[in-house]
Structure formats: structure tokens, C-alpha cells
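Colleague: I have a model open on my screen and would like to know what stands behind the terms people use for it. Could you take me through them?

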Amino acid sequence: MAEMRQPIESGAPDPKPYMHPTMVKNYGKWVYHSHPKPGVLYHRAESGDEIWTVKAGTQRQMDGYTIRKLADIADQYAEGFVRFTTRSNIEYMVTDEKKVEPLIKALFDSGFPVGGTANSVSMIAHTQGFLHCDIPGTDASGAVKALMDDLYEEFIKCEMPNRVKLSTSCCEINCGGQADIAIIMQHTKPPKINHDLVANVCERPSVVARCPVAAIRPALVNGKPSLEVDEKKCICCGACYPPCPPMQINDPEHSKLAIWVGGKNSNARSRPTFHKLVASGLPNNAPRWPEVSEVVKKILGVYKADARPWERMADWIERIGWPGFFEKTGLPFTKYHIDDWKGHRRTLNASAHIRF
Ligand code: SF4
Ligand code: SF4
């Protein structure tokens with residue numbers, strides 16, 4: 001009997017067995033690349049080998065039928081190799097230019113838009129939501145679908161001043177932040193504690209250690225060990241909810257969505273930047289989140305009209321200034337937009353507790 005392969009529990013797998021053979025052959029030996037049209041990249045290697053990459057948007061949370069459909073397109077119109085990007089796009093690689101247009105047609109005909117390269121609005125990097133995670137306050141994937149339906153033309157065309165990266169996050173503390181425009185869950189009320197359950201479900205010291213502003217204390221409630229929250233200190237971040245589900249913070253009315261702008265991870269042309277809050281308190285309005293779409297489209301419209309060629313969102317805002325950003329977009333500026341971290345040494349949790 002063949003020996004069972006032991007699972008490797010850590011580290012990224014070796015990608016080479018899954019790569020297109022032309023990419024393996026020319027690994028690290030590419031001379032230049034260009035962008036012949038939206039959704040297509042061209043790479044040329046030192047050896048003279050060429051490869052065209054065709055990028056298409058997907059809905060990320062895919063059923064078996066859709067994945068088989070994408071695989072069939074790879075076999076029939078490409079060369080049998082694909083890769084997924086972190087933004088849920090699928091990329092097909094072909095070594096013959098004649099295959100590019102039939103591949104694009106097959107993708108569009110099957111409902112997968114080709115685009116998302118260069119100065120387009122790329123697919124939204126979005127978080128796992130209800131399918132994989134136990135703490136979401138909204139359905140990030142649903143918000144992405146609704147928003148990308150509205151931004152379809154910006155995905156398939158390259159008409160933005162520079163690349164626009166969007167992200168969503170279905171809780172306030174974990175994945176999905178930091179983008180040109182980020183849509184992030186925003187709780188506005190402290191957690192409601194179900195004291196009957198805390199002692200059975202929660203490891204109280206880890207919950208206490210979780211709070212970034214040290215607002216949680218152990219307490220005896222109705223004779224049972226529980227927790228209490230200093231609501232004046234609580235910043236409604238929701239970090240206590242994952243280790244202690246009885247500290248319910250998701251609320252149909254008070255859990256809102258906020259929009260942050262100007263985040264950039266790359267060093268291209270200008271330094272990386274953190275994004276900043278520009279709209280808050282938007283209703284968590286499934287299934288189409290129209291209020292969120294309206295704000296995102298308003299920001300994108302002003303950026304498209306006002307930014308200079310190749311200015312990323314953060315560069316544009318730096319040039320016109322934050323007052324200019326609020327004036328041009330017409331978004332209201334309130335005291336909640338300002339956080340200068342004054343007094344943070346006193347208010348932030350500086351304990352030596354281990355955090356999980
Ligand atoms: S953003 Fe938060 S809720 Fe959404 S998948 Fe990530 S950890 Fe889970
Ligand atoms: S962890 Fe966050 S939500 Fe929970 S009590 Fe502390 S500040 Fe409030």
C-alpha cells in the first residue's frame with residue numbers, strides 16, 4: 001500500500017507545480033511587461049518567450065458548477081492553468097496572442113467580466129463573512145456583489161486616474177481594512193452582556209486582556225462570575241465578542257457601516273499611508289446597501305474628475321487637503337472624524353497581558 005502523504009500544516013505550498021510551464025521555465029527572468037488592453041497583461045522573458053494574462057472578476061464565494069465552468073474555459077480557451085488573486089479575480093495565462101480575444105469572449109459570454117488591471121477599479125478585497133467566520137456584523141460578500149454591480153463599467157475600463165483598490169470588512173477589528181476606499185463594519189453601542197452564559201462560555205482573563213482600552217472588569221452578577229464594561233471607556237470595537245459570544249455587540253439598528261479613504265500599502269510613486277474615516281453611521285442595509293454604494297460612487301466620481309493622471313486616492317487627497325476632500329465630495333465633516341490620539345497613553349490598554 002502506498003504510504004500516506006503527511007499533511008503539511010504550515011507555510012505556503014510550493015507554487016511551481018501549479019504554474020504555467022512557460023512561467024516556471026522563465027522564473028525570475030522576465031524582462032518587461034505591458035498592458036495591451038483592460039484586463040490583459042503581457043510579459044516578455046529574456047529567452048524571448050511571451051505570455052498573456054487575462055484577468056476576470058468572480059464572485060469569490062463560488063459553487064461547484066461555477067468553478068467547473070471556469071476550469072472548462074481554462075481547458076478550452078486557455079492552456080489549462082489558472083491562478084486566483086487576493087481580490088478574487090481569476091487569471092488565465094496563454095502563450096499565443098491569438099488565444100486572447102476568444103478567451104475574453106468566452107469569459108464575457110459566461111458572465112465573468114474581464115478587467116481589473118492598471119487604472120481600473122479592481123475587484124474588492126473582501127472578508128469571509130458568515131460562510132467562514134463566527135463574528136461578522138454584516139455580509140461583506142453581499143455588499144461587494146451589490147457594489148461591484150454598480151461599478152461594473154469601472155472594472156472593465158481603465159478610466160480612473162490610477163488603480164483603485166477597495167476592501168470590505170464585516171467586523172471592526174480583523175481582516176479587510178486598508179484600501180483606497182474601505183467599507184468597514186462600525187458598532188456604535190457597547191456589547192450587551194448575557195450574564196447567565198459568561199461563566200460557562202468565556203475565559204474571563206482573556207476577555208479582559210482583549211479590550212484595547214481596558215474597559216472590561218471581572219464582576220459578580222446575580223451571584224455568578226461575569227464581566228462588566230465601563231461604557232464611558234468602551235470604543236465599541238467588538239474585540240471582546242470573539243472570545244466571549246455572550247458579549248453580543250452585533251445589533252440590527254446600531255451596527256452601521258463606515259467608509260475610510262486613502263489607505264495604500266504600496267511604495268509606488270509615494271509612501272504607504274493609513275486610510276482615514278470619511279463617512280460613518282451608514283445603515284447596514286442588506287441586500288443592496290444603497291447608502292454605501294452612493295457614498296463610494298460619489299467619492300470615485302470626484303476622484304476621477306479631479307485627480308491628476310497617476311495620482312492614487314491618497315496622493316490626490318494630500319494635494320487638495322482633507323478640507324478640500326470634504327468640500328469637493330460634499331460629505332459632512334463632523335467631530336467624529338478627528339482622532340489625534342490625545343491622551344492615548346492613559347486610555348489605551350498598556351497591560352502586559354498576552355492577547356489572542
Ligand atoms: S472581517 Fe471580521 S467578521 Fe469578517 S471574516 Fe474577518 S474576522 Fe471574520
Ligand atoms: S473590547 Fe471593544 S467593545 Fe469590548 S468593551 Fe472593550 S472597547 Fe468595548
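Modeller: Gladly; we can go through the chain, one strand, and then the ligands and the spaces in the protein. Please keep in mind that this is a predicted model.

Colleague: What does the protein chain consist of?

Modeller: There are 10 helices and 13 strands in the protein chain. The C-alpha trace spans about 75 × 70 × 35 Å along its principal axes, and buried residues make up 44% of the 356 residues.

Colleague: Why is Ile51 called buried?

Modeller: Buried means under 20% relative accessible area. Ile51 has 2% relative accessibility, so Ile51 counts as buried. This residue is found in strand β3, and its C-alpha atom is separated by 8.1 Å from that of Met23, 28 residues apart along the chain.

Colleague: Why is strand β3 said to be largely enclosed by the rest of the structure?

Modeller: The strand covers residues 50–57, and seven of these eight residues are buried, so β3 is largely enclosed.

Colleague: How do you know that β3 pairs with strand β2?

Modeller: Two strands pair if at least two bridges are found between them. β2 (residues 40–45) and β3 have five bridges, in the antiparallel sense, so the condition is met. One example is Leu41, whose bridge partner in β3 is Thr53. The two strands form a hairpin with four residues between them, and Gly48 in the turn has a positive phi of about 95°.

Colleague: And which sense does the pairing of β3 with strand β5 have?

Modeller: That pairing is antiparallel, and β5 (residues 89–94) shares six bridges with β3. Val54 stands opposite Tyr92 in β5.

Colleague: Let us turn to the ligands. Where does ligand 2 sit?

Modeller: Ligand 2 sits in the largest cavity, as more than half of its atoms lie within 2 Å of the grid points of that cavity. The largest cavity has a volume of about 80 Å³. A search of the whole structure finds four cavities of 30 Å³ or more.

Colleague: Which residues lie nearest the centre of that cavity?

Modeller: Of its 14 lining residues, Cys211, Ile216, Cys234, Cys237 and Cys240 lie nearest the centre. Around ligand 2 there are 14 residues, and Cys211, Cys234, Cys237, Gly238 and Cys240 come nearest.

Colleague: What makes the shell around ligand 2 nonpolar or charged?

Modeller: Its residues divide into 13 nonpolar, one polar and no charged. Cys counts as nonpolar and Gly as polar, so the cysteines among the nearest residues fall in the nonpolar class, whereas Gly238 falls in the polar one.

Colleague: Which residues are around ligand 1?

Modeller: They include Cys133, Cys170, Cys171 and Cys175, along with Thr127, Gln128 and Asn174. This shell divides into six nonpolar, five polar and no charged residues.

Colleague: How much space lies in the second largest pocket?

Modeller: About 330 Å³. It is lined by 15 residues, of which Thr58, Gln59, Lys145, Met148 and Asp149 are the closest to its centre.

Colleague: Which helix supplies the largest share of that lining?

Modeller: Helix α4 does, with five residues. Both α4 (140–150) and α5 (152–156) supply at least two residues each. The lining of this pocket divides into seven nonpolar, six polar and two charged residues.

How values were computed
Residues numbered from 1 in each chain as written. Chains lettered and ligands numbered in written order. Predicted model: local features only at pLDDT ≥ 70, side-chain atom pairs only at ≥ 80, totals over all residues. Heavy atoms only, no water. Near = heavy atom within 4 Å. 1 Å grid on protein atoms, 1.4 Å probe; cavity = no way out; pocket = protein on both sides within 12 Å on 5 of 7 lines; lining within 4 Å. Points joined across faces, edges and corners; volume = space filled by probe spheres on them. Buried < 20%, exposed > 50% of the residue type's maximum accessible area, 1.4 Å probe, protein only.
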